[in-house]
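Biologist: I would be grateful for a close look at one buried loop position, followed by an account of the strands, cores and helices elsewhere in the chain. Please set the description out as one connected answer.

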Amino acid sequence: MKKCVIIGSGLGGLSCGCVLAKNGYDVTILEQGTQIGGCLQCFRRGDTVFETGMHYIGSADPGQTLHTIWHYLGIDDIPLERLNSDGYDVISFQGEHFRFANGKENFVNTLAEQFPQSKDELAKFHDLIHVVTSAAAMHSLNSDVDLDVNANYQIVSVNKVIDSVISDPVLRQVLAGIQPLYAGEKDHTPFFTHALIFDFYNQSAFRIVGGSSLVAESLQKSLQRNGGRVLVRHKAEKIECDETHATAVITADGERFSADLVISAIHPARTMPLIDSHLIRPVYRRRVGNARNTTSAFTVYLKFKKNTVKYLDSNLYYYRSDTTWGCKDYDERSWPKCLLYMHSCHEKNPVYAEAGEILTYMSIDEVQQWLGTHVGRRGEDYEAFKRRKAETVIAALEQEIPGISGQIEQYYTSTPLTYLDYTDVPDGAMYGIAKDVMELGQIGITSKTRIPNLLLTGQSITCHGMMGVLAGSLITCSEVLTRETLFSQLKQTS
C-alpha cells in the first residue's frame, strides 16, 4: 500500500486525505496545532459556539456540486439551516437594502424591483456567471469544459466585466457588494473568482447548525473509516528528498514519516523552507515567498442577551461610503468602511440568535508592534487596542441596526495576529495568496511541483472557501488518480 503524508489538517488536507484513502492510500495527516480544521475551526465561550472562518456555505441541495462532493467524501451527516431564498445576502448601500435571491429568475426579479430598467442586463449577468462557472471542471463537475473561457475570465477584473454588462452605476456597486467573501480589489481581482463564489451561494445557501468544525470532525471520521489518521501536535519541519523524489516528512521532534506521496496543504510560502531539494529552484522559492497575500480582518464575536435578537436568516453587507470598492484601504477616521454581519446557527429553526459576528478588514500593519507575541500574552496595550477597535465596529453597526449594542451581553475579538496564530498564513491573510489579473502567470503556483511526488493544495493554489478548496483538492488528487477516475467516482455517487 502506498503511503501518503499530508501536511496540514485544514479543509484541503482533510479532503485530499479522504479521497486518497478511498483509493487505497495509507494516509497520515500531520497537524502542528492541537485542533484540526484550519479555517473550519470554531471556538466556545461557555455554552456559546463561534465561527472563525467558514460562516456559510452554498450549493448543498441534492444534485448540486457541494452536496455531490460531500456525499463522495462520506460526510452526509452535517446539519444545515437554509438561509432566506429571497435574500440570503443583503447589501446595504447608500441607505437602501438590496437582496440577492437564490436562482436566476428569483435573483433577476428581486433586484429588478429596484432596477426595473436593468432587468435584461441582470439576466445577461447571471447567464455570464453560468458560462464562466461551467468552464471550471471541478466546480461544475463537468469534464467537458471550455478552457478558453476559463482562461479569459481569469485575466479580466470583476469591475471591468460588471461595467461591461451593467449600465446603472448603483447596480454595478451592488453586484460587487459580496467582495468581502474574497477580499476583492478593483482592477485586480479576476471575474473568474467572483463568478465561482457568486454561483456557489446563488444555487442555494445554508449555515451549518452547530458550527463548521462539524465538517472537520466528519471528514476525520470518514478518513479513519478508510484507514487514515490525523496526528495533532506534529509539526512538519522538513520534507526529505533524494535526487528525484520526496521520501519522507520529518517532524519537529525528529519523527520520520516515510512517503510515496507528499501533499502540502499549508500556505506555499510556509512549504518552501521545508523542502530539502535542488529540484525546487531559487527563483521559484523567491516567487512564492514574495507572492502578495490578501488583506486580513478584525472580527467582533457577539454573545447576545437571551431572547433579545431575532435570528437573521441572511447575511448583511453594510457599506459606509459611496462605493463598495476600496474598503481595505482606510485610515483611522474612515475605518471601518464596510461590515459583514452574520448570525451563528445553534439549532434547527431558531427564533432567536445566541451569537453573531461582525467582520471587517484590518491590515497586519496595525498590529505590527505585537508580532512575535503569543495568544493571551500580548499585554494590556494590545487588549486596549482590541477594545477600542471593537467599540468602533459595534458603534458602526449601531448606525445600521439601532439598538443592537444594548442587546449584546459580551463580546470577543480577533485580529490579524489571531488569524496568524491559528492558520499560520503569512500576514494573517484571510484568503491566502491574492488572485490578481496583473500577476497571473507571473506567480504560477499550481498543485504540481518539480518534485513529481510532492503536490500542493489549499486556498492559495486554486480558490478559497468551501467550494474553492474542495475543487482544488480534487485537482490535486487528480494528479495521482487521474481526472477520469475522479469524475467516474463522483458520477457514481451523485
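Modeller: V156 is buried, with a relative accessible area of 17%, and because the cut-off for that term is under 20%, the residue qualifies. The model is a predicted one. V156 lies in the loop between α6 (147-152) and α7 (158-165). Leaving aside neighbours within four places in sequence, V156 is in contact with V161, T189, P190, F191 and V437. One of these partners, T189, is 33 residues from V156 in sequence, yet the two C-alpha atoms are 8.0 Å apart in space.

A second buried residue, K386, carries a charged side chain and has a relative accessible area of 13%. K386 belongs to helix α13 (residues 380-400). Apart from neighbours within four places in sequence, the contacts of K386 are F298, T413 and T415.

The nonpolar cores come next. In soluble globular proteins, nonpolar side chains tend to be buried together. In this model the largest nonpolar core has 134 residues. Those with the most contacts inside that core are I57, W70, F100, F125, L175 and M466. Around L175, not counting residues up to four places away in sequence, the residues touched are F100, F107, L111, L122, F125, I162, I166 and H194. A second, separate core of 26 residues includes L231, I239, A246 and A291.

Several of these core residues also take part in strand pairing. I57 belongs to strand β5 (residues 57-58), which pairs with β9 in the antiparallel sense over 2 bridges; the bridge partner of I57 in β9 is F206. Strand β9 (residues 205-208) directs A205 and R207 one way and F206 and I208 the other way, and all four are buried. Strand β6 (residues 80-82) is also paired with β9 in the antiparallel sense, over 3 bridges, and here L80 stands opposite I208.

F100 lies in strand β8 (residues 96-100), which runs antiparallel to strand β7 (residues 89-93) and is joined to that strand by 5 bridges. Within this pair, I91 has F98 of β8 as its bridge partner. The hairpin of β7 and β8 has 2 residues between the strands, and Q94 takes a positive phi near 55 degrees.

The second core likewise has members in paired strands. I239 lies in strand β11 (residues 236-241) and A246 in strand β12 (residues 246-251), and these strands pair in the antiparallel sense over 5 bridges. A246 is the bridge partner of C241. β11 and β12 form a hairpin with 4 residues between them. β11 also pairs with strand β15 (residues 275-276), in the parallel sense and over 2 bridges, where I239 has I275 as its bridge partner.

Finally, M466, named above for its contacts in the largest core, falls within helix α15 (residues 465-481), whose axis comes within 7 Å of that of helix α16 (residues 483-493) and crosses the latter at roughly 120 degrees. That angle makes α15 oblique to α16. On the α15 side the contact is made by L474, C477, S478 and L481, and on the α16 side by R483, T485, L486 and L490. These residues divide into 5 nonpolar, 2 polar and 1 charged.

Definitions and conventions: Residues numbered from 1 in each chain as written. Predicted model: local features only at pLDDT ≥ 70, side-chain atom pairs only at ≥ 80, totals over all residues. Heavy atoms only, no water. Axes fitted to C-alpha atoms, helices over the stretch in contact; angles between N-to-C directions. Parallel < 35°, antiparallel > 145°, perpendicular 65-115°, else oblique. Contact = heavy atoms within 4.5 Å. Core = buried A, V, L, I, M, F, W, Y, C linked by side-chain atoms within 4.5 Å. Buried < 20%, exposed > 50% of the residue type's maximum accessible area, 1.4 Å probe, protein only. Pairing = 2+ DSSP bridges.
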